[in-house]
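Colleague: I have just opened this structure and would like some help reading it. Could you take me through a few features, one by one?

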Amino acid sequence: MKVVLTTLNAKFIHTSLALRCLKAYAEKDFPIEIAEYTIKDPVMNIVSDLYSKNPDVIGFSVYIWNIEETIKVIRILRKIAPDVRIVMGGPEVSYDTAEWMEKLPEVDFIIFGEGEETFHHLLQEIDGEGKYHLVFGLAYRKLRENGPEVRVNIGRPKLNLAELPSPHRFPEDRESLANRVVYFETSRGCPFSCSFCLSSIEVGVRYFDIERTKADLLYLIEAGAKTIKFVDRTFNIKRDYALEMFKFLIENHGGCVFQFEITADIMRPEVLDYLAEHAPPGIFRFEIGVQSTNDVTNEAVQRRQNWNKLVRTVTKVKESGKIDQHLDLIAGLPHEDYDTFRKTFNDVFDLRPEELQLGFLKMLRGTGLRIDADKYGYVYADQAPYEILGNNLMPFSDLIRIKRVEDVLEKYWNAHRMDRTLLYLIERVFPSAFDFFQQYGDYWERRGWERIGHQLEDLFSRLKGFLNSGEAPAGFDRDVVEGLMKYDYFLGHNHKPRKVWWDFTMDKQELGGWMRLLGEHPEDVSPAFADLGLGEKELQKHAVLEKLPFDLEQFLATGEIDRSSGTLLVVLYGVSGKRGGSAYCLRLSQGAVAAG
C-alpha cells in the first residue's frame with residue numbers, strides 16, 4: 001500500500017512538521033512519501049504530481065491558510081483517481097468535523113486531534129479489516145441502505161510524548177535544511193485560555209524528553225540547519241527549562257538562528273540577565289503576542305497580561321542589543337474600537353520592536369470567541385481564514401482604514417527601509433506613530449498605489465510626495481527629513497546604488513574635487529576613515545557623496561538640528577569585505593564647494 005502525505009505550505013521555505021510526525025510514527029509498518037507544495041502553486045500542477053505517484057492513500061494536512069486551495073486539489077483528484085483513499089487532518093478540520101465530512105463528500109476520512117497514533121491505526125484498518133469504528137479520533141462514512149452515514153468516533157486520549165519517534169531524522173531532508181525553516185516542538189499545549197486562540201482548547205502543557213530534544217537539535221545544527229522555529233505556544237512557561245535550553249543553544253548554536261514564541265510578562269529577570277550577558281547577537285528571535293493593551297478587552301477574551309512586566313521584558317531585551325523582537329497585535333477584539341486600538345498600537349510601537357505585526361481577528365473554528373460571536377455583534381467571512389468584517393464597536397469602515405496602516409507599516413517599518421526618517425516623523429512631526437501610518441496609508445490608497453508595484457526608490461519618492469502634499473502636518477524641517485531620507489537610502493543598499501530618487505545637484509567637476517580632497521586629506525573626515533587608506537580612484541569606485549544643509553553627525557548623536565554647518569555625507573560600499581554601506585560625515589561651512 002503506497003501512502004503519500006502532503007500539504008500546501010504558505011511559502012517554499014516552510015516545512016511541515018505535522019507530516020514528518022505522522023511519517024515518523026507510521027513508517028515502521030508503511031512506506032510513506034512526503035510531498036510538499038505551496039498555496040501559490042497551480043492546482044493542476046499539484047494534482048498532476050500527486051496523481052503521478054499512484055498512491056493508494058493520500059493524507060492532507062490542512063490549516064486556515066491552505067484549506068480552500070486544498071479542497072480544489074481534492075475535488076479534482078477524486079474525479080481522476082476515484083479509488084484513492086483521501087484523508088484530511090489538522091487544526092482546520094479538528095473542529096466541526098461532522099460538518100466538514102458533510103461538506104466534502106470527496107474525503108473518506110478526517111482525523112481530529114493529535115494524529116500520529118490515529119493515522120497509523122487508520123492505515124492498519126485500510127490495509128486490514130476496515131474496522132474504522134475502533135479508531136479513536138476518526139470521522140468516516142459507514143455505508144447504509146439509503147447511502148453513506150457520517151460517523152464521528154470518540155476522541156483519542158493525549159499521547160505519551162515519550163513514545164513518539166523523532167520527526168527530524170529523515171535522510172531526504174538533510175539536503176534542504178540550510179535553505180528552509182525547520183519547525184520544532186519541545187512541548188504541546190498552552191497554559192493560557194485566550195478565547196480567540198485554538199491553543200486555549202487543550203488544557204495543560206506536556207514536554208518531550210529534554211535529552212531527546214537536545215539530541216535532535218544537535219543533529220539539525222550539525223546537518224546544516226540555518227533557521228529553527230520553535231512552535232511551542234509559550235516557550236518560557238517553565239523558567240528552569242527555558243534557561244537550560246537557552247544555555248544549550250548558546251553553547252551549540254553553530255550559526256543557526258532560533259525563533260521562539262514567548263510570553264513576555266512572565267519572563268524572569270535572571271533569564272533576561274543571562275541572555276543579555278551570554279547570548280551572541282542575532283541567534284535568538286522572540287515573537288511576543290501582545291494583541292491588546294486594553295484591560296477590558298483582555299478580560300473579555302480571558303487573557304492575563306501584566307503590561308508593566310511586559311514592558312520591562314521587551315525593554316531589557318532591546319537594551320541588550322542581542323535579540324530581535326517581533327510583537328503582535330490583533331485588531332477587532334471585543335471592546336476595542338478605533339480609538340482604543342489606536343492607543344494599543346501606539347503603546348506597543350513606543351517599545352520600538354524590530355517588527356510589529358498588525359493582524360486582524362480571525363474567528364477560528366472551535367474557539368470560545370467564535371461560539372460567542374453574537375454577543376459582540378461579530379460579522380465574519382464564511383470561508384477560511386474567517387477574518388472579521390466588523391462587530392458592534394469596530395465597523396467594516398474602520399477595519400479597512402486600519403488595513404491601510406498595516407500596509408504602510410509592512411512596507412516601511414517592518415522592512416526597515418528608513419528607520420531614522422520614520423522615527424523623526426513619528427517623534428517630531430505627527431501626533432503619534434499610528435497617526436503617521438494612518439494618514440500616509442490613506443494618502444497611499446487615494447493615489448491608487450496599492451494596485452501597482454514599487455521599487456525601493458519609489459518608497460522614498462512617494463513619502464516625499466506625501467510630505468509635500470499639504471496633507472502632512474505643517475512646520476517641520478523639510479531639509480532634515482530629506483537629509484535623513486538620503487542617509488537611509490544609501491544605507492539601505494548592499495552595493496553602490498546606480499540611481500537616486502532626488503535631483504542630484506553636484507556637477508562632475510565639484511564631485512571630482514570632493515573625491516580628490518577626501519583622498520588627499522582623509523583625516524579631515526575621521527581617524528577611522530583615514531585608516532582605510534583610500535585614494536581618489538578607489539573613492540570614485542566605492543563612494544557616493546551628498547551634501548546636506550545641516551550637521552548630520554551632531555543630529556545622529558544628540559538629536560539637535562544645527563544649521564550653522566553642513567555635512568558632506570560619504571558612504572562607502574565593498575570596502576574591507578564589509579557588506580552594505582558605511583557612512584562618514586565631513587563637517588562643512590555653509591555653502592562650501594570643493595575646488596575642481
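**Reading a helix, a sheet and a pocket**

Modeller: Gladly! Keep in mind that this is a predicted model. Let us begin just past a helix: α2 is followed by N54, which has a positive phi, near 50°.

Colleague: Which residues of helix α2 are buried?

Modeller: Start with the general idea. An α-helix has 3.6 residues a turn, so residues three or four places apart point the same way. Now the case here: α2 spans residues 43–52, and its buried residues are V43, I46, V47 and L50. They lie on the same side of α2 because they cover an arc of only 95° around the axis.

Colleague: What covers the buried residues of α2?

Modeller: The cover includes three strands, β1 (3–9), β2 (32–38) and β3 (57–61), together with helix α3 (67–80).

Colleague: Let us turn to a sheet. What is the order of the strands in the open sheet of three?

Modeller: Reading across, the order is β18-β19-β20, and the pairing is antiparallel. To find the edges, look for strands that pair on one side only: these are β18 (543–548) and β20 (581–589). From one strand to the next, the twist averages 20°.

Colleague: How many bridges join β18 to β19?

Modeller: Six bridges link β18 with β19 (residues 565–573), and the two strands run antiparallel. For one pair to find on screen, take K547, whose bridge partner in β19 is L568.

Colleague: Which helix packs on the sheet, and what does it touch?

Modeller: Helix α17 (residues 478–491) packs there, touching β18, β19 and β20, and its direction makes about 10° with that of β19. Helix α18 (residues 508–520) also lies across β18, β19 and β20, but runs at about 110° to β18.

Colleague: And pockets? Which residues lie nearest the centre of the second largest pocket?

Modeller: That pocket has a volume of about 210 Å³. Of its 13 lining residues, K496, V500, F504, V544 and L545 lie nearest the centre. Both α18 and β18 supply at least two residues of the lining, and β18 gives the largest share, three residues.

Colleague: One last stop, L329 in strand β14 (residues 324–331). Is L329 buried or exposed?

Modeller: Residues under 20% relative accessible area count as buried. L329 has a value of 2%, so it is buried. Leaving aside residues up to four places away in sequence, L329 touches several others, among them V290, F341, F345 and L358.

Note on methods. Residues are numbered from 1 along each chain as its sequence is written. This is a predicted model: local features need pLDDT of at least 70, side-chain atom pairs count only at pLDDT 80 or more; totals for chains, interfaces and linings use all residues. Side-chain values use heavy atoms; hydrogens and water are left out. Buried means under 20% relative accessible area, exposed over 50%, partly exposed in between (1.4 Å probe, protein chains only). Helices (H or I, at least four residues) and strands (E, at least two) are DSSP runs, numbered from the N terminus. The arc is that of the directions from the helix axis to the C-beta atoms. Contact means heavy atoms within 4.5 Å. Two strands pair if DSSP finds at least two bridges between them. Axes are lines fitted to C-alpha atoms, for helices over the stretch in contact, and angles run from 0 to 180 degrees between N-to-C directions. On a 1 Å grid over the protein atoms alone, a cavity is a set of points where a 1.4 Å probe fits but cannot get out, and a pocket is an open set with protein on both sides within 12 Å along at least five of seven lines; lining residues have an atom within 4 Å of a point. Grid points are joined across faces, edges and corners, and a volume is the space filled by probe spheres set on the points.
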